[in-house]
Amino acid sequence: MIKAVLMDIDNTLLDFNECAKYAMRCSFGECGLEYTERVAQTFFKINTMLWNDIEKGILDKEGLYKVRWKYIFRELGINTDGEEFEKYFLKYLSRSFSTVEGAHDILKYLSGKYLLSAASNGPQFEQDNRLKNAGIYDYFKNVFTSEAVGYPKPKKEFFMICLEKMGNLLPSETIMVGDSLNADIVGAKNCGIVTCWFDYEQINCPPPSHADYTVNSLAQLKSFL
Ligand SMILES: [Mg+2]
């Protein structure tokens, strides 16, 4: 019987793509740089690549902050200190809070039935702040981040510590909902946690075998939770 729900934050509850675009527009503006669609495309390409490295354990968050904008600016031919610019970008990212459709409604529903916690690889202060700004922070009993837990998803330790902190729950009593097949689904499955893949990008590929459930919208969670 499911007692607890772990929910990923970015591209599950908060629309990271919209949040990042907001942060880019603001930080480019503050630094007197011209923001274009090409900036966004380059950011998403390089950011995804670097987050894959984080999930593989070959890069940490500090390393990400050092190189992310350095690589992006190099590709765009912009002569600006990327490490310094990252501070502006993170400042605005922590203020960004576009929610995914149905986020409020599903969190209200789930928090009334289950022990509800967030589980994210983002930084603690920023994730807390974004959830508060979005008005959804109070639905969660815990906001677990890799920074506070000490391990990132998909590491087994991340999920084991979450289970322990939720009152020594069994993996079979917990479901993980998230958009990342590797970080959220493979990671949780390796611990025996029940998994639900949120096909946020609407890839509509056949449901992956390691996901116990697949949904295309947050509202669909109500059909089995
Ligand atoms: Mg995500």
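Me: Let's start with helix H6. Which strands do the buried residues of H6 pack against?
Reply: Two of them: strand S2 (115–120) and strand S3 (142–145). Keep in mind that this is a predicted model.

Me: And which residues of H6 are the buried ones?
Reply: In H6, which spans residues 124–133, they are Gln127, Arg130 and Leu131. Seen around the axis, these residues cover an arc of only 100°, so they sit on the same side of H6. Here's the general idea: an α-helix has 3.6 residues a turn, so residues three or four places apart point the same way.

Me: What comes after H6?
Reply: Gly135 follows H6, and its phi is positive, near 75°.

Me: On to Glu86. Why is Glu86 called buried?
Reply: Count the neighbours! Glu86 has 20 other C-beta atoms within 10 Å. The label takes 20 or more, so Glu86 counts as buried.

Me: Where is Glu86 found, and what does Glu86 touch?
Reply: Glu86 belongs to helix H4, residues 82–93. Leaving out residues up to four places away in sequence, Glu86 touches Tyr65, Arg68 and Trp69. As for Val67, its C-alpha is 9.0 Å from that of Glu86, though the two are 19 residues apart along the chain.

Me: What about Asp81: how do you know that Asp81 is exposed?
Reply: Same trick. Asp81 has 11 other C-beta atoms within 10 Å, and the exposed label goes to residues with 12 or fewer. That's why Asp81 is exposed. You'll find Asp81 in the loop between H3 and H4. Going from the C-alpha of Asp81 to that of Val194 takes you 44 Å through space and 113 residues along the sequence.

Me: What makes H3 roughly perpendicular to H4?
Reply: Look at the angle: the axes of H3 and H4 cross at roughly 105° and come within 7 Å. Roughly perpendicular covers 65 to 115 degrees, so H3 and H4 earn that name. Among the H3 residues in the contact are Tyr65, Trp69 and Phe73, and H4 residues there include Phe85, Glu86 and Phe89. By class, this contact has six nonpolar, one polar and five charged residues.

Me: Then why is H1 called oblique to H4?
Reply: The axes of helix H1 (residues 16–30) and H4 cross at roughly 130°, coming within 8 Å. That angle isn't over 145 or under 35, and it's outside 65 to 115, so H1 is oblique to H4. H1 passes H4 in a right-handed crossing. On the H1 side, the contact includes Cys19, Ala23 and Ser27, while H4 brings in Phe85, Tyr88, Phe89, Tyr92 and Leu93. The residues of this contact divide into 11 nonpolar, one polar and one charged.

Me: Last pair: how do H2 and H3 pack?
Reply: Helix H2 (residues 37–56) and helix H3 (residues 61–76) pack at an angle of about 145°, and their axes are 10 Å apart. H2 passes H3 in a right-handed crossing. Among the H2 residues that meet H3 are Val39, Phe43, Ile46 and Leu50, and among those of H3 are Leu64, Arg68 and Tyr71. The classes come to nine nonpolar, two polar and three charged residues.

Notes. Residues are numbered from 1 along each chain as its sequence is written. This is a predicted model: local features need pLDDT of at least 70, side-chain atom pairs count only at pLDDT 80 or more; totals for chains, interfaces and linings use all residues. Axes are lines fitted to C-alpha atoms, for helices over the stretch in contact, and angles run from 0 to 180 degrees between N-to-C directions. Helices (H or I, at least four residues) and strands (E, at least two) are DSSP runs, numbered from the N terminus. A crossing is left-handed if the near helix is turned anticlockwise from the far one by less than a right angle, and right-handed if clockwise. Two residues are in contact if their C-beta atoms, placed from the backbone, lie within 7 Å. Ala, Val, Leu, Ile, Met, Phe, Trp, Tyr, Cys and Pro count as nonpolar, Asp, Glu, Lys and Arg as charged, and the others, Gly among them, as polar. The arc is that of the directions from the helix axis to the C-beta atoms.
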